[in-house]
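User: I'd like to go through this model with you. Could you start with how far to trust it, and then move on to the packing and the charged pairs?

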Amino acid sequence: MNIKLEYFPEPKLQFGHYFEHEDTKTGLAEYGPFGKNIDGLHPKEIRLGFIGTRETIAGCREWVEQCGQAIESENIKRTTITPSLPDVELFENGNPLDAQTARYEKILNRDFIGFNPESQFQCAFVTNERWIKTVLPGDIAGILQTPDKQG
């Protein structure tokens with residue numbers, strides 16, 4: 001049995017101002033989405049409507065609100081301080097945590113810049129009460145119990 005391995009490099013993606021990069025977070029943080037610099041291609045707002053129970057709609061609205069804010073990556077995992085080195089925090093693999101290592105970790109797993117008009121996205125989610133339809137949980141249960149009409 002012969003096994004052939006082949007490496008496929010990450011494709012370069014295109015971002016605003018025709019910047020190319022393999023990493024989506026880096027490309028978006030530095031230059032924003034592709035088309036931002038092309039007239040008529042980049043929207044300033046995205047309208048959202050919701051259909052669901054009060055709970056699911058509230059959850060969706062909260063999630064959309066969180067997307068508008070910067071989200072720090074959880075890339076550095078530290079273990080408890082060892083008694084022999086009381087002032088040094090360690091990675092889970094046991095390597096000392098120094099400023100340079102922390103910087104590399106941030107480069108490899110960037111923070112999310114937030115989807116809002118002030119970030120490189122230069123766009124916002126917009127909702128309106130008229131675009132929201134609440135469905136009662138009992139109605140959903142009734143629909144799910146409807147026998148399959150196909151086949």
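Analyst: What follows takes up confidence, the core, the salt bridges, one helix and a surface patch.
Analyst: This is a predicted model, in which local features need pLDDT of at least 70 and side-chain atom pairs count only at pLDDT 80 or more, while totals for chains, interfaces and linings use all residues. Residues are numbered from 1 along each chain as its sequence is written, and side-chain values use heavy atoms, with hydrogens and water left out.

User: Okay, what is the mean pLDDT of the chain?
Analyst: The mean is 82, and 75% of the residues reach 70 or more; pLDDT is the predictor's confidence in each residue, from 0 to 100.

User: And which elements have the lowest and highest mean values?
Analyst: Helix 3 (residues 99–108) has the lowest mean pLDDT, 61, and strand 3 the highest, 96; helices (H or I, at least four residues) and strands (E, at least two) are DSSP runs, numbered from the N terminus. Over residues 78–83 pLDDT stays under 50, and the model has 10 contacts beyond four places in sequence for that stretch, a contact being heavy atoms within 4.5 Å.

User: Which residues make up the largest nonpolar core?
Analyst: That core has 5 residues, namely Leu48, Phe50, Ile57, Val64 and Ile132, and strand 3 (45–52) and helix 2 (54–67) each supply at least two of its residues. A nonpolar core here is a set of buried Ala, Val, Leu, Ile, Met, Phe, Trp, Tyr and Cys residues joined through side-chain atoms within 4.5 Å, where buried means under 20% relative accessible area, exposed over 50% and partly exposed in between (1.4 Å probe, protein chains only).

User: What does isoleucine 132 touch?
Analyst: Leaving aside residues up to four places away in sequence, isoleucine 132 touches Phe50, Ile57 and Arg61.

User: Arg61 is charged, so which residue does arginine 61 form a salt bridge with?
Analyst: Its partner is glutamate 129, with the closest N and O atoms 2.9 Å apart. The pair links distant parts of the chain, arginine 61 lying in helix 2 and glutamate 129 in strand 4 (residues 124–134), 68 residues apart. Arginine 61 is partly exposed at 31% relative accessible area, whereas glutamate 129 is exposed at 54%.

User: How many salt bridges does the count come to?
Analyst: The count is 4, taking a salt bridge as a side-chain nitrogen of Lys or Arg within 4 Å of a carboxyl oxygen of Asp or Glu. One of them joins lysine 12 to glutamate 22 at 3.3 Å, N to O, and links the segment before strand 1 (13–14) with the loop between strand 2 (20–21) and helix 1 (24–31), 10 residues apart. Another pairs arginine 47 with glutamate 45 at 3.4 Å between the closest N and O atoms; arginine 47 is exposed at 59%, and glutamate 45 is partly exposed at 39%.

User: Switching to helix 1, which of its residues are buried?
Analyst: Thr26, Gly27 and Ala29 are buried in helix 1, and strand 2 is included in what covers the buried residues of that helix. Just after helix 1, glycine 32 takes a positive phi of about 80 degrees.

User: Last one: is leucine 5 buried or exposed?
Analyst: Leucine 5 is exposed, at 78% relative accessibility, and is placed in the segment before strand 1.
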